[in-house]
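I opened a fresh page for this one. Below is what I looked up, in the order I got to it.

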Amino acid sequence: MDLGAGQKEAGDHALLLEFDMDMGGFASNWAYCDRLSTYFARMISHNRSDSLLYSNLFSSALNELLETVYRLHAPTGSFVCSVSRSGASDRIALTIPVDAETEQFYRDAVVILNGGDVSPRYHKALFSEGPLQPNIGLLELAVDYAARFSIEPADGNAIRLIAELTLEASAP
């Protein structure tokens, strides 16, 4: 695993922290989702007005994204997670190795997430019987955290899923 920080991303978001690891390694242990989200949250929350609250919110949000990737990815390739910031906005970019079916899942999910009021979909998925829908974590982020999602191609057989969150109001 490679951890990096301090570089500049495209646009006005400054890169805070990034990891790059083999998908097989990441997918070998469910606990990595929690460990990585907790680590990232602690590292990027130090300068927020309520760093403990911010860390808890960010960790929860990132954990949902990582758990989705844990469940839905191609078996091999490089998995990259980066967090960048511009003012009150945090951008989480996940480069996920995909096959055709997995890529279509993420593309369909982004269409649904950007298609208007997702709250009824989220509540229906949350309270339905049977196994949870694979996109439940993404729906939760869109409803509870007002996350905005986009998707773009990445090198190789991969996509980049981007979630933008504002967990703290901007200073006046």
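**Two helices side by side**

I began with contacts: C33, D34, L36, S37, T38, F40, A41, R42 and I44 in α2 meet Y54, S55, F58, S59, L62, N63, L66, E67 and Y70 in α3 (contact means heavy atoms within 4.5 Å; helices are DSSP runs of H or I with at least four residues, strands E runs with at least two, numbered from the N terminus). I sorted the residues of this contact into ten nonpolar, five polar and three charged (Ala, Val, Leu, Ile, Met, Phe, Trp, Tyr, Cys and Pro count as nonpolar, Asp, Glu, Lys and Arg as charged, the others, Gly among them, as polar).

Note to self: this is a predicted model, where local features need pLDDT of at least 70, side-chain atom pairs count only at pLDDT 80 or more, and totals for chains, interfaces and linings use all residues. Residues are numbered from 1 along each chain as its sequence is written, and side-chain values use heavy atoms, with hydrogens and water left out.

**E103**

Next I looked up E103, which sits in helix α4 (residues 100–113). Is E103 buried or exposed? E103 is partly exposed, at 26% relative accessible area (buried is under 20%, exposed over 50%, partly exposed in between, with a 1.4 Å probe and protein chains only). Leaving out residues up to four places away in sequence, I found E103 touching V98 and I159. I also checked E103 against I151: they are 48 residues apart along the chain, and their C-alpha atoms are separated by 9.9 Å.
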